[in-house]
Amino acid sequence: MRLARTEPTDQEPDIRARPPLVREFLLVAGLFLAYKFGRQAANGHVEEAFRNAGSVWDLERALRLPGEGAVQGLLLHSQPLIHAANTYYAAVHFPATALFLIWLYWRRPAHYVRSRRVLAALTGAALVLHLLFPLAPPRMLPAAGLVDTGQVYGPTVYGQTPATDTMANQFAAMPSLHVGWAVMVALGLIAATRSRWRWLWLLHPAITLFVVVGTANHYWLDAIVVVALLAVALAAFRLPLSARTVPARLRGPGAWGSGEGAPVPAYAGGGSGTYEGGVRPAISEAPVASGTYAGGAR
């Protein structure tokens, strides 16, 4: 027997798998607001955030990870490139994830439900880490010797005084949700589409990683930790079997060499394989004449 393919299908979406729109909007908006207020509640802890930053920096050097300055050095060669990186950091993160969820909701409802659960779990775990492990980003760490490209070249989403920034918690570098959400967007679109070009979606997390490190907003370890958390969330919320398996299409006049249906054994005296009234008689225990079946397979 042939195994069913496990590729997503381009058929019309199953609207039965699509959750109510208003409920989903309120749920996603509520999750976003809860995370936003949670980050602000975790603001402060300046001294602890800088102590943790020193520990992360020392750990990266002990692990012989490449210095964040090597990536930033590539950006500093071109002011337009720095500006583009800052813009990507500020303007792509939320809209790309929102468009990803909207497209999945409309075109791949079963994939949407799983992706929303994974993103919610990942974001919740990140908020817990923000509360337990406040971390100053490398742009604030004197030992790193890095440039705050957002403040120097613009644009930036952060205030000039991190301790009093009421719009964002600048001491929530660990883990990097910029990277985590970007990886989820790429993996979700790869799983939900069949185009041979779908692997190019991996450019989104690759560019995001380059940007968050090059602009000195995150350490390498921020990205490593969030990818580990994402792997756990993906394992916890498996894609439903109905969304993963698609019956294989039969090719040519018949994948088995005898019509469009399932294979029919060619027994001695069996004729053409069709029967009066469309009912197949019970299989006889008479010996097979040729010893082979249609298509050459026994």
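**Exercise 1. Ala-216 and its loop**

Locate Ala-216 between its flanking helices, then work out whether Ala-216 is buried or exposed.

*Solution.* Start with the location: Ala-216 sits in the loop between H9 and H10. Helices here are DSSP runs of H or I with at least four residues, strands are runs of E with at least two, and both are numbered from the N terminus. Next, look at the backbone: although Ala-216 is not a glycine, its phi is positive, about 65 degrees. Then check the accessibility: Ala-216 counts as buried because its relative accessibility is 0%. Buried means under 20% relative accessible area, exposed over 50%, and partly exposed in between, with a 1.4 Å probe and protein chains only.

A word on the model: it is predicted, so local features need pLDDT of at least 70 and side-chain atom pairs count only at pLDDT 80 or more, while totals for chains, interfaces and linings use all residues. Residues are numbered from 1 along each chain as its sequence is written, and side-chain values use heavy atoms, leaving out hydrogens and water.

**Exercise 2. Arg-64**

Find the loop that holds Arg-64 and describe its phi and its exposure.

*Solution.* Arg-64 belongs to the loop between helix H2 (46-62) and H3. Arg-64 is not a glycine either, yet has a positive phi of about 60 degrees. The relative accessible area of Arg-64 is 76%, so this residue is exposed.

**Exercise 3. Two cis peptide bonds**

Identify the cis peptide bonds that involve Pro-155 and Pro-175, and place both prolines.

*Solution.* Take Pro-155 to begin with: a cis peptide bond links this residue to Gly-154, with omega about -10 degrees. Pro-155 is in the loop between helix H7 (149-153) and H8. Now Pro-175: its cis partner is Met-174, and omega is about -5 degrees. Pro-175, too, lies in the loop between H7 and H8.

**Exercise 4. The two sides of H5**

Compare the span of H5 with the expected value, then sort its buried and exposed residues.

*Solution.* Helix H5 (residues 93-107) has 15 residues and spans 22 Å from first to last C-alpha, close to the 21 Å expected at 1.5 Å a residue. The expected span is 1.5 Å times one less than the number of residues. The buried residues of H5 are His-93, Thr-97, Phe-100, Leu-101, Leu-104 and Tyr-105. They lie on the same side of H5 because they cover an arc of only 130 degrees around the axis, taken from the directions from the helix axis to the C-beta atoms. Exposed Leu-99, Ile-102 and Trp-106 are on the face turned away from that buried side.

Finish with His-93, buried at 11% relative accessibility. Beyond its neighbours within four places in sequence, His-93 is in contact (heavy atoms within 4.5 Å) with Tyr-88, Leu-177, His-178 and Trp-181.

**Exercise 5. The nonpolar cores**

Determine which residues of the largest nonpolar core touch the most other members, and which helix gives the most to this core.

*Solution.* A nonpolar core is a set of buried Ala, Val, Leu, Ile, Met, Phe, Trp, Tyr and Cys residues joined through side-chain atoms within 4.5 Å. The largest one has 36 residues, and Phe-100, Leu-177 and Leu-230 touch the most other members. H8 is the top contributor, with eight residues. Leu-230 touches Val-118, Leu-122, Gly-180, Val-183 and Met-184, not counting residues up to four places away in sequence. Apart from this core lies another, of 16 residues, including Ala-49, Trp-57, Phe-171 and Ala-216.
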